[in-house]
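Here are some short exercises on side chains that pack together. Try each task yourself before you read the worked solution.

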Amino acid sequence: MIDFGSTIINSIFGGALMALASTLHLYLNGKITGISGAIFRCISLTDFSYNFAFITGMLFMSSLIKVLFNPMAPPTDIDAPVFMETPAQFVGDLSLIGFIIAGFLVGFGAKMGNGCTSGHGVCGIPRLSKRSIVAISLFMIFGILMATIRYYIPFLRPSSYAFNVWESSFIDIGMLVLSCVGFGANVFKVFKSGNKDKIRDISISFSVGALFCFGLAESGMLQRHVVVEFLTLGKVWNYQLAFVLGAAVGINLITFNYLLKKTTRPKFREAYDLPTKTEVDNKLCLGAAIFGLGWGMAGICPGPAVITCYLYCPQILAFSIFLCLGMYIENLIDGKIAEKINNNQLLSKFNKFAKFKDEQPIN
């Protein structure tokens, strides 16, 4: 049973923090906050300093929360923050192979569908992007399908030889130190190049990543069973995340449209860095469906994967590695996929639906 008084307020607050982070990102640097895109750009070394700053900001906030609150431990105080699940809860219903498969599907689908729940959901729907509306709809449909099937017909369950999660406070402190050192090294490298504007930009990116991470933690999205139950049709259905998405999209619907309609440029850039592709094509739809299957299996999307990659090892580390591998492989064969899928009309109704000017969210 959901505690409407506290849990729902936390969900709304978390969604509002994600909206604030993504609005500031758009206002200051003119960029869409897409976590799968930031991960892929780090992998492909594209605008590495900027995207690495965003990822280190997320890891900094995650490890800071862990060190300060130890939120994976059962709270001794009823008002103590519960941002994350205990290791037993997190890995209790999915095998290591399941985490690997889910990670690959999420990464492959996010790259193929040009975005995840942040780029398409938090930032795409508020811009009334039809590509994002279709993508999120397919995320939900296939996520619900997978989560519901696994609830009634369990598979990929942990065996008696399940791997135990590695736990140590030194890991949390180590990640806190490592994220600070990583950001400091990033700043130093940019400083040596003499580009002061870039130092400002990566500082904004780091701060946006940290704030977005806190929003994810506050909203409950780091508790994978909250996500899985949200996607499961049945008595266990948990409507908590509806308030997260409602708050994030509702606020950004106002702020994004104000910025894009009332201002001609972001504060520190010459123009908004917005996507231009408009067509709802077969590749987008298939990628969103693949993402949804992985999301429904594990209840983890790219943001929570980054934030918890050092906490629930080896399971979440395996998920994250195969997420990156899925992105890399899809990128290698992306042209062939587009040629084969978009040239046939299996999903022509979606293409008809998209005969208007629209935008594609950045990952």
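**Exercise 1. Decide whether Phe48 is buried, partly exposed or exposed, and then describe its ring pair with Phe52.**

Step 1: Phe48 has a relative accessible area of 30%, so it is partly exposed; buried means under 20% relative accessible area, exposed over 50%, and partly exposed in between (1.4 Å probe, protein chains only). Phe52, at 24%, is partly exposed too.

Before going on, a word on the source: this is a predicted model, in which local features need pLDDT of at least 70 and side-chain atom pairs count only at pLDDT 80 or more, while totals for chains, interfaces and linings use all residues. Residues are numbered from 1 along each chain as its sequence is written, and side-chain values use heavy atoms, with hydrogens and water left out.

Step 2: Rings of Phe, Tyr and Trp (its six-membered ring) pair if their centres lie within 6.5 Å; planes under 30 degrees apart count as stacked, over 60 as edge-to-face and the rest as tilted. The rings of Phe48 and Phe52 are 5.1 Å apart centre to centre with 15° between the planes, which is stacked.

Step 3: Both residues belong to helix H3 (residues 48–69), and because they are 4 residues apart, about one helical turn separates them. Helices (H or I, at least four residues) are DSSP runs, numbered from the N terminus.

**Exercise 2. Classify the ring pair of Phe60 and Phe206, and find where its two partners lie.**

Step 1: The ring centres of Phe60 and Phe206 are 5.6 Å apart and the planes meet at 40°, so this pair is tilted.

Step 2: Phe60 is in helix H3 and Phe206 in helix H9 (residues 196–219), 146 residues apart, so the pair links distant parts of the chain.

Step 3: Phe206 has a relative accessible area of 12% and is buried. Ring pairs also join Phe60, Phe183 and Phe206 into a cluster.

**Exercise 3. Explain why Cys309 and Cys313 do not form a disulfide.**

Step 1: Recall the rule: a disulfide is a pair of cysteine sulfur atoms within 2.5 Å.

Step 2: The closest cysteine sulfur to that of Cys309 is in Cys313, 7.0 Å away, which is too far for a bond. Seen from Cys313, the closest cysteine sulfur is the one in Cys309.

Step 3: Cys309 is buried at 17% relative accessibility, and Cys313 is buried at 7%. The count by this rule is 0 disulfides.

Conventions:
Helix = DSSP H or I, 4+ residues; strand = E, 2+ residues; numbered from the N terminus.
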